Amino acid sequence: ATKKLWGGRFQEQAAAWVDAFGASISFDQLMAEEDIEGSLAHVKMLQKTGIVPSNDCDQIIAGLEGIQKDLEAGKLTFSVENEDIHMNIESILTDRIGAVAGKLHTARSRNDQVATDFHLYLKKRLPKIIDEITTVQQTLIRLAEENVETIMPGYTHLQHAQPISYGHYLMAYYQMFKRDKERFTFNEVHTDISPLGAAALAGTTFPIDRQMTAKTLGFSQVYANSLDAVSDRDFALEFLSNSSILMMHLSRFCEELSMWVSHEFQYLELSDAYTTGSSIMPQKKNPDMAELIRGKSGRVYGHLMGLLATMKSLPLAYNKDLQEDKEGVFDTVKTLLPALKVFNGMLSTVTVKADNMKAATENDFSNATELADYLATKGVPFREAHGIVGQLVLKGIQTHQNLQDMSLGELKEASPKIEADVYNELKSEVAVERRHSEGGTGFDQVRKQIEQAKKEIES
Ligand code: ARG
């Protein structure tokens, strides 16, 4: 084994397999770009403040820039002996420019370095996630606009409840994704704080300029407390939590999608491009992508639970446990971006079988509330009206007829207040159209919601 960068006080060396256990290079090399950026910002500050002689800094900067180019070209190789991305880069720098490379780590620790890299990593990815959500929202708005007057059963307890507009259903998800974006946007605020300059835990005696490094790296604030700076992973937990909620939303939609393309429903049909066949059953068209998005919500929840458990009871400040913070976050980013993209593709190519949706609202009792409301409007106390209609539903079940199929004579038997004008109100499209209450499924309300959403998306 080679001598460690920190090997001064050690007489014995760890076995290679022990080193391998402690190493994070296999995954933290994903932050190589951020690590070099962080080092460049740090050395420029060391130069400006005169902490390290200017010509030494020039050599370090040139060396780091060379490494940056080689990274982009895919020419760097990392080693487990050098443990993590921070020491790998420093060791490559030393190979290239010699002992002067050792001045780079003046007034810095890997503890503030790793925290800085991790903040930078997430800070770059959050806008991409927010953009992908916006794309999904645009698709939802377009589909909703086409389907304001598409009538479908609204469900509670998975039982037909009241008819609704399919556009209204779609806009419900628009609203969920809007809050998801707000959560990620708030997450950006907590990710946009620079830990650099906290050093190991206590700050440093060198006259560093934390504002300068923060500015160079594009952070709008610095951590106010050095202990907090190196120990905080709230921003990562927030990310995992926000991601879990987002995946939960996608998963609920995908669950409904999978149900609604089934033979029993046939409300929707997915494009061939987002489905798969069976190796044995020739007729199959499976909603694999929807199922997989639903399934992947599990791993994201797992990463949230994992990091919460890792951090529970961790004493201040840095502990090696914190090395476990990264893989779950990386995997979540790797899961979210394609999941959103596939979801959007699947959604934007869906075929809506409006006739089937509508038909499902006509062979049921989902207009029972309409009849109860009708009686209430005629002065019958709602509770009483509810009872009268309940009796009619029971009769309908026994005689195999829906409310709208009953003769006026039969209806009048239940309540003399019922007149011929009731039949219009029992139509599902009328039941939907008339729900003018704010935020309701009435066509005017859905259109209003869509207009508001369009404004939100533009700004
Ligand atoms: N690889 C480490 C991590 O991911 C970097 C920080 C190491 N610091 C230390 N004192 N061991 O957290």
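The following exchange introduces this predicted model to a new reader.

Trainee: How are residues numbered, and which pLDDT is needed for local features?
Mentor: Residues are numbered from 1 along each chain as its sequence is written. As this is a predicted model, side-chain atom pairs count only at pLDDT 80 or more, totals for chains, interfaces and linings use all residues, and local features need pLDDT of at least 70.

Trainee: How many helices and strands does the protein have?
Mentor: Helices (H or I, at least four residues) and strands (E, at least two) are DSSP runs, numbered from the N terminus. On that basis, the protein has six strands and 19 helices.

Trainee: Is the protein spread out or compact, and what is its radius of gyration?
Mentor: The C-alpha atoms fill a box of roughly 100 × 50 × 40 Å along the principal axes. The radius of gyration is taken over C-alpha atoms, and the globule rule is 2.2 Å times the number of residues to the power 0.38. For 459 residues that rule gives 23 Å, and the protein is more spread out than a compact globule because its radius of gyration is well over this, at 31 Å.

Trainee: Where does UniProt place the feature "domain: Fumarate lyase N-terminal"?
Mentor: UniProt positions are given in the numbering used here, feature names are shortened, and annotations may be inferred rather than shown by experiment. The span is 61% helix and 6% strand, and its end C-alpha atoms lie 40 Å apart. The unreviewed UniProt entry places this feature at residues 8-302.

Trainee: What percentage of the residues in the protein is buried?
Mentor: A residue is buried if 20 or more other C-beta atoms lie within 10 Å of its own, exposed if 12 or fewer, and partly exposed in between, with C-beta atoms placed from the backbone. Of the 459 residues in the protein, the buried ones make up 37%.

Trainee: Which helix gives the most to the largest nonpolar core?
Mentor: A nonpolar core is a set of buried Ala, Val, Leu, Ile, Met, Phe, Trp, Tyr and Cys residues joined through C-beta atoms within 7 Å. The largest one has 88 residues, and Leu-140, Ala-236 and Phe-343 are among those with the most contacts inside it. With 13 residues, the helix that gives the most to this core is α6.

Trainee: How many residues are in the other core, which lies apart from it?
Mentor: Tyr-374, Leu-375, Leu-392 and Leu-411 are among the members of this other core. Tyr-374 and Leu-375 are also among the buried residues of helix α14 (residues 368-377). The number of residues in this other core is 14.

Trainee: Which helices do the buried residues of α5 pack against?
Mentor: Helix α5 (residues 85-97) has 13 residues and reaches 18 Å from its first C-alpha to its last, close to the expected 18 Å; the expected span is 1.5 Å times one less than the number of residues. Its buried residues include Ile-85, Met-87 and Leu-93. Two residues are in contact if their C-beta atoms, placed from the backbone, lie within 7 Å. The buried residues of α5 pack against α2 (25-28), α3 (32-48), α4 (54-72) and α6 (110-146).

Trainee: Is Glu-83 buried or exposed?
Mentor: Glu-83 is found in the loop between α4 and α5. Although not a glycine, Glu-83 has a positive phi of about 65 degrees. With 23 other C-beta atoms within 10 Å, Glu-83 is buried.

Trainee: Is His-157 buried or exposed?
Mentor: Strands β1 (residues 151-156) and β2 (residues 159-165) pair in the antiparallel sense over six bridges; two strands pair if DSSP finds at least two bridges between them. They form a hairpin with two residues between them, and His-157 in the turn has a positive phi of about 55 degrees. Since 6 other C-beta atoms lie within 10 Å, His-157 is exposed.

Trainee: Which peptide bond is cis, with omega near 0 degrees?
Mentor: Most peptide bonds are trans. The cis bond leads to Ala-317, which lies in the loop between α11 (288-311) and α12 (326-348). The bond in question runs from Leu-316 to Ala-317.

Trainee: Which residues does Asn-356 touch, not counting residues up to four places away in sequence?
Mentor: Asn-356 lies in helix α13 (residues 354-359). Asn-356 is partly exposed, with 15 other C-beta atoms within 10 Å. Beyond four places in sequence, Asn-356 touches Gln-266 and Tyr-267.
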